[in-house]
Amino acid sequence: MASLAPAAPAQPLRLISEAVEPTTLDRQVEALDGYSFTLYRSETTRATDTPEALLKRLGLSDPAAAAFLRKNETARQVLFGKSSAGRTVTAEATDRAQLQTLRTHWVEQENDDSFQRLVVEKAGSGFSVRVETAPLVANQRLTSGTIRGTLFAATDEARVPDSVTKQLTEIFESNVDFHRGLRRGDRFTVVYETLEADGEPIRAGKVLSAEVTNRGKTHQAIWFKEAGAPKGAYYSFDGQSLLKAYLLAPLEATRITSGFGVRSHPVYGYSREHTGVDYAAPTGTPVRTIGDGTVSFAGVQSGYGNVIQIKHRNGKDSTLYAHLSRIDVKVGDNVMQGETVGAVGSTGVSTGPHLHFEFRINDTPHDPTEVLADQREYVPVSPGGKAAFAKLAANMKMQLAAATEVTRASFD
């Protein structure tokens, strides 16, 4: 607190006068002539740009630089080509509006992990140009919002990229009905990865942690990759996977044409044990592994044609996928739940395109429809990964809390 009332000085005041001789105007002008500084400015390229128009918006008046940008093939294609509109251009210039350095960047392919950077620099009495390749830098962003209508309307208001919103729905789809179950006042908070080039966000990456409050119940998720695992997964904050150990079926759209147990074989014509279930599907339909595991066999087996066998994480369960038209994995590959491993076919002893699927426990076939329907347990973080997970979870809890408080303060 500062008092606005006048206060008596603690010590007596004395007035001191001193004559000052100002520097002559000539010396001041001479000092200014020797002083230089650098100007910085950024602009966005336009489809109708010319070198003169772009430099003018950058506050530059440099005919030599404009002539170079027009004549140099690399600079002309990057800055004024058909696909160049919308790129951020940063310029460094002298105090006399002469170009010193000009930079812009772009990504060749949408999912590239690196970007290209064009650099135009003053070199003696002319200019030089080069194109560099640099890695995209991962950063984090956090935000939250309140549902007033739809989830996409709320995330748009919070400036959350659509790809992040899509991930949110996939992460919590088993717990929240995002189409019909949301209520006004429900909330979301998300921490997600951004990939940046020279400090500018290029695209959103994966969701790192998230929280959705729906009808008074809070659902949380955190992305965690175990040491040695090929991919990460989403877990609750107590270390339980948000996915069950197994998918219900190896095909997205399923129609069982032959069940488990004794049946009359369609080719041999007599009754024999059917150790799996058959799913009807066109040739080429992607076949996905129902759970994490390691490929223990990938090749041809008599009667089954092209076959893949996968040993799952608990060591006792395995699955078999037969009659495939294509095998996309090899023995020893680590595969993750939902990953495509092959395609439906009609190889081996088969009357038409279909997938024969088996679920084995300790090498004994069991009815897949019963085993998968009855599964209750979710895959937890392994004992060896618990310490790393706990450290990550503590950090993400703080970030989610910070995002919520910042948004509430802004709203208030």
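**Exercise 1.** Is N362 buried or exposed, and what is its relative accessible area? Describe the setting of N362 and of A97 in this predicted model.

*Solution.* Begin with the cut-off, under which a residue is exposed when its relative accessible area is over 50% and buried when it is under 20%. N362 has a relative accessible area of 55%, so it counts as exposed. In sequence, N362 sits in the loop between β22 (354–361) and β23 (364–366). Next, consider the backbone: N362 is not a glycine, yet its phi is positive, at about 55°. Most residues other than glycine have a negative phi. A97 is likewise a non-glycine residue with a positive phi, of about 65°, and it belongs to the loop between β2 (88–94) and β3 (99–106). The relative accessible area of A97 is 16%, and A97 is therefore buried.

**Exercise 2.** Work out how the side chains of R117 and E132 meet, and which residues belong to the network that links them.

*Solution.* Side chains of opposite charge can pair when their charged atoms come close. The criterion for a salt bridge is a side-chain nitrogen of Lys or Arg within 4 Å of a carboxyl oxygen of Asp or Glu; R117 and E132 form such a bridge, with an N to O distance of 2.6 Å. Since R117 lies in strand β4 (residues 114–123) and E132 in strand β5 (residues 126–135), the pair ties together parts that are 15 residues apart in sequence. R117 is buried, at 15% relative accessible area, whereas E132, at 23%, counts as partly exposed. A further salt bridge joins E121 and R130 at 2.8 Å, N to O; E121 is partly exposed at 24% relative accessibility, and R130 is partly exposed at 34%. The network of salt bridges links R117, E121, R130, E132 and D198.

**Exercise 3.** Locate a salt bridge whose two partners are both buried, and state how many salt bridges the structure holds.

*Solution.* The structure holds 17 salt bridges. One of them is formed by the side chains of R57 and D49, at 2.7 Å from N to O, and both R57 and D49 are buried.

**Exercise 4.** Assess the overall form of the protein chain from its radius of gyration.

*Solution.* First note the secondary structure, which comprises eight helices and 24 strands. The radius of gyration is 33 Å, well over the 22 Å that the globule rule gives for 412 residues, so the chain is more spread out than a compact globule. As a further step, take the C-alpha trace, which spans about 120 × 70 × 40 Å along its principal axes. Finally, 39% of the 412 residues count as buried.

Key. Residues numbered from 1 in each chain as written. Predicted model: local features only at pLDDT ≥ 70, side-chain atom pairs only at ≥ 80, totals over all residues. Heavy atoms only, no water. Helix = DSSP H or I, 4+ residues; strand = E, 2+ residues; numbered from the N terminus. Rg over C-alpha atoms; globule rule 2.2 N^0.38 Å. Buried < 20%, exposed > 50% of the residue type's maximum accessible area, 1.4 Å probe, protein only.
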